[in-house]
Amino acid sequence: MSAQCNLIVDSCCDLPFSVVDREGVSLIRFPFLFGEEEHLDDLGQSMPSHEFFGRMRAGEQPTTAQVSIPAFTQAFEDAARSGVPAVYLSFSSGLSGSYDVATIVHDQVKERYPDFELHIVDTKLASVAEALLVYEAIRQRDKGLTAAQLAAWAEEARYFVNALFMVDDLDSLRRGGRIPDSVAYAGSKLDVKPLLTIGIDGKLSLKGVARGRKKAVKQLVEYYFERRDADNPSQDVVTGHADCPKDMERLHDLIAKQDENVLFMDSFIGPVIGSHVGPDMLAIVFWGRDRREDLSVADRIARKVKGA
């Protein structure tokens, strides 16, 4: 039976390459640079995570860029020529302008291929949080969802992806403009390990702090048990790390002590996300509570007024 839907994903999902390396799934590669040396994020095939973060630890400071117009054009034209409707699950618009570029290119390609059906979904997620949505989207596609159905599924499902990230410090995020200077300054002065989450607007926000990495790992565990899906508690959990495997093992052990039925899917933080969080980031992602319910009453009213 031929597929009803093809998927386009981008490398900011930080999934193992083997997960996306399948028929009907294409990968858009984000660029990153060490000085003038440009690379494409291919999910660790050409530059393993340990090598990338080793260079950061040695003092190199990588930079990132948006996906180029030609790269999007190639991906969308390939999809159009296949004749199969497609869905592109995009890296958060709250962290990159690539989503906006994708919508512009889509309109251009549509002029040349008027019958092309492409749905672009702003996941409002990043890294292993995006990974969980993409991973399940592949499963839903394989179960037979059409492109329109899969896009509608993703636009709702993204709000049930719960994620908490521990970073070693906030300086890399500050340099990349992902958090305000004031937040980074406060974190450095307090000598704490910041805990970040992703808001429903797709931007990073400071969720809390912990004194030391061991306490931070415990807070990741507490966050999971507090917010996981109560109707299906023993489920897939995505854990990701930026070259700190021992911390990830400890995270697994602490969760398994309370629920030995949890299945972990491990992933490495890739170079695009890694450029902004630095080495030693640790993350846990899972299906859990609707994050829209976390909004204050005032924010819920504002959201309703905007029709969001």
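This report describes strand pairing, one loop residue and the empty spaces in a predicted model.

**Strands**

An open sheet is built from three strands in the order β4-β3-β5, and their pairing is antiparallel. The edges of this sheet are taken by β4 (37-40) and β5 (63-64); each has a single partner strand, so one side of each is left without a neighbour in the sheet. Four bridges join β3 (residues 31-34) to β4 in the antiparallel sense. Within this pairing, F34 stands opposite E37 in β4.

A further antiparallel pairing links β9 (residues 193-198) with β10 (residues 204-210) over six bridges. Here L196 has L206 in β10 as its bridge partner. The two strands form a hairpin with five residues between them, and G202 in this hairpin takes a positive phi near 85°.

**The loop residue D280**

The loop between α11 (271-277) and β13 (282-287) contains D280. A polar contact of 2.6 Å connects the side chain of D280 to the side chain of R57. When neighbours within four places in sequence are left aside, the contacts of D280 are R57, M166, D168, R213, A242, D243 and C244. R57 thus appears both in the polar contact and in the list of contacts.

**Pocket and cavities**

Rolling a probe the size of a water molecule over the atoms shows where empty space is left. The largest pocket has a volume of about 250 Å³. Its lining comprises 19 residues, of which L43, G44, S49, S267 and F268 are the closest to the centre of the pocket. Two elements, α2 (49-57) and β12 (263-268), give two or more residues to this lining.

Turning to enclosed space, the model has two cavities of 30 Å³ or more. The second largest cavity is lined by F32, L40, D41, D42, G44, S46, M47 and P271. G44 is one of the residues closest to the centre of the largest pocket, and G44 also belongs to the lining of the second largest cavity.

The table sets out the volume and the lining classes of these two spaces.

| Space | Volume | Lining residues by class |
|---|---|---|
| Largest pocket | about 250 Å³ | ten nonpolar, six polar, three charged |
| Second largest cavity | about 30 Å³ | four nonpolar, two polar, two charged |

Conventions. Residues are numbered from 1 along each chain as its sequence is written. This is a predicted model: local features need pLDDT of at least 70, side-chain atom pairs count only at pLDDT 80 or more; totals for chains, interfaces and linings use all residues. Side-chain values use heavy atoms; hydrogens and water are left out. Two strands pair if DSSP finds at least two bridges between them. A polar contact is a pair of N or O atoms within 3.5 Å; within protein, one must be able to donate a hydrogen and the other to accept it, and residues adjacent in sequence count only if both atoms are side-chain atoms. Contact means heavy atoms within 4.5 Å. On a 1 Å grid over the protein atoms alone, a cavity is a set of points where a 1.4 Å probe fits but cannot get out, and a pocket is an open set with protein on both sides within 12 Å along at least five of seven lines; lining residues have an atom within 4 Å of a point. Grid points are joined across faces, edges and corners, and a volume is the space filled by probe spheres set on the points. Ala, Val, Leu, Ile, Met, Phe, Trp, Tyr, Cys and Pro count as nonpolar, Asp, Glu, Lys and Arg as charged, and the others, Gly among them, as polar.
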